[in-house]
Amino acid sequence: KVNTMAIGWGMMGIQWNKPVFIALVRGCRHTYSMLEKNPEFTVNIPLEALDKNIIRVTGTTSGRDIDKFQELGLTTEEPEKISVPGICQLPLTLECKVLYKQQQSPEHIMDEELLKHYSKAPVNIRDDYHTAYYGQIMAAYIAE
């Protein structure tokens, strides 16, 4: 099964002399469970103005509940180096294989202001805080 999500927390750079994209995903998200089963992902970026409906659906609904590809009429692009496809409608594609992951924890947050992004109610910490997935960029291309 393929899933997609809008990501607001991510960054790209060099780590261990390798190009990486770091994606931060909350433990309660369907994407988290999928990454735990298959530690590969693509980052898909539009080249033109983005259809706001794609952001709305991918950012507010869960792949547990609906098939976002079917709902949005998205088509997949065969990957070059990993098992996860890209999205033709978001053609700038980074294929990533997870090298390392690190769960955030409240005791390591140095700026109290940052805690406003997390629940104040006692919850399973894995579900509320983010896990940072360091994905080595295995391929980068523009999907046809």
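**Figure 1. Tyrosine 100, a partly exposed ring.** At 33% relative accessibility, tyrosine 100 falls in the partly exposed class, since buried means under 20% and exposed over 50%. This is a predicted model, so read the close-ups with that in mind. Tyrosine 100 sits in strand S6, which covers residues 92-103. Its partner in the next view, tyrosine 134, comes out at 18% relative accessibility and therefore counts as buried.

**Figure 2. Tyrosine 100 meets tyrosine 134 edge-to-face.** Two numbers do the job here: a pair of aromatic rings is described by the distance of the centres and the angle of the planes. For tyrosine 100 and tyrosine 134, the ring centres are 5.2 Å apart and the planes make an angle of 75 degrees, so we call the pair edge-to-face. The two residues are 34 apart in the chain, with tyrosine 134 in strand S7 (residues 130-142), and the pair links distant parts of the chain. Pull in Trp16 as well and you have one aromatic cluster, made of Trp16, Tyr100 and Tyr134. The structure holds four aromatic pairs.

**Figure 3. Lysine 101 and its contacts.** Lysine 101 is also found in strand S6. What does it touch, leaving aside its neighbours within four places in sequence? Lysine 101 is in contact with Glu36, Thr131, Ala132 and Tyr133. Take threonine 131: it lies 30 residues from lysine 101 in sequence, yet the C-alpha to C-alpha distance is 6.6 Å. At 43% relative accessibility, lysine 101 counts as partly exposed.

**Figure 4. The largest pocket.** This one has a volume of about 720 Å³. Of the 32 residues in its lining, Asn3, Thr4, Met5, Thr42 and Asn44 are the closest to the centre. Which elements supply at least two residues each? They are strand S2 (18-26), helix H1 (30-37), strand S3 (40-45) and helix H2 (52-60). S3 gives the largest share, six residues. In terms of chemistry, the lining splits into 21 nonpolar, eight polar and three charged residues.

**Figure 5. The second largest pocket.** Here the space comes to about 350 Å³. The lining has 22 residues, and nearest the centre you'll find Met5, Ala6, Arg29, Thr58 and Gly59. S2, H1 and H2 are the elements that give two or more residues to this lining. Sorted by residue class, the lining of the second largest pocket has seven nonpolar, eleven polar and four charged residues.

**Figure 6. Zooming back out to the fold.** The close-ups belong to a protein with four helices and seven strands. Along the sequence, the pattern runs β-β-α-β-α-α-β-β-β-α-β. The C-alpha atoms fill a box of roughly 45 × 40 × 30 Å along the principal axes. How does the radius of gyration stack up for 144 residues? The protein has 16 Å, which agrees with the value near 15 Å for a compact globule of that length. Of the 144 residues, 40% count as buried. As for the contacts with a separation of 6 or more, 70% are between residues 24 or more positions apart.

Technical notes:
Residues numbered from 1 in each chain as written. Predicted model: local features only at pLDDT ≥ 70, side-chain atom pairs only at ≥ 80, totals over all residues. Heavy atoms only, no water. 1 Å grid on protein atoms, 1.4 Å probe; cavity = no way out; pocket = protein on both sides within 12 Å on 5 of 7 lines; lining within 4 Å. Points joined across faces, edges and corners; volume = space filled by probe spheres on them. Nonpolar A, V, L, I, M, F, W, Y, C, P; charged D, E, K, R; others polar. Phe/Tyr/Trp six-rings, centres within 6.5 Å; stacked < 30°, edge-to-face > 60°. Buried < 20%, exposed > 50% of the residue type's maximum accessible area, 1.4 Å probe, protein only. Rg over C-alpha atoms; globule rule 2.2 N^0.38 Å. Contact = heavy atoms within 4.5 Å.
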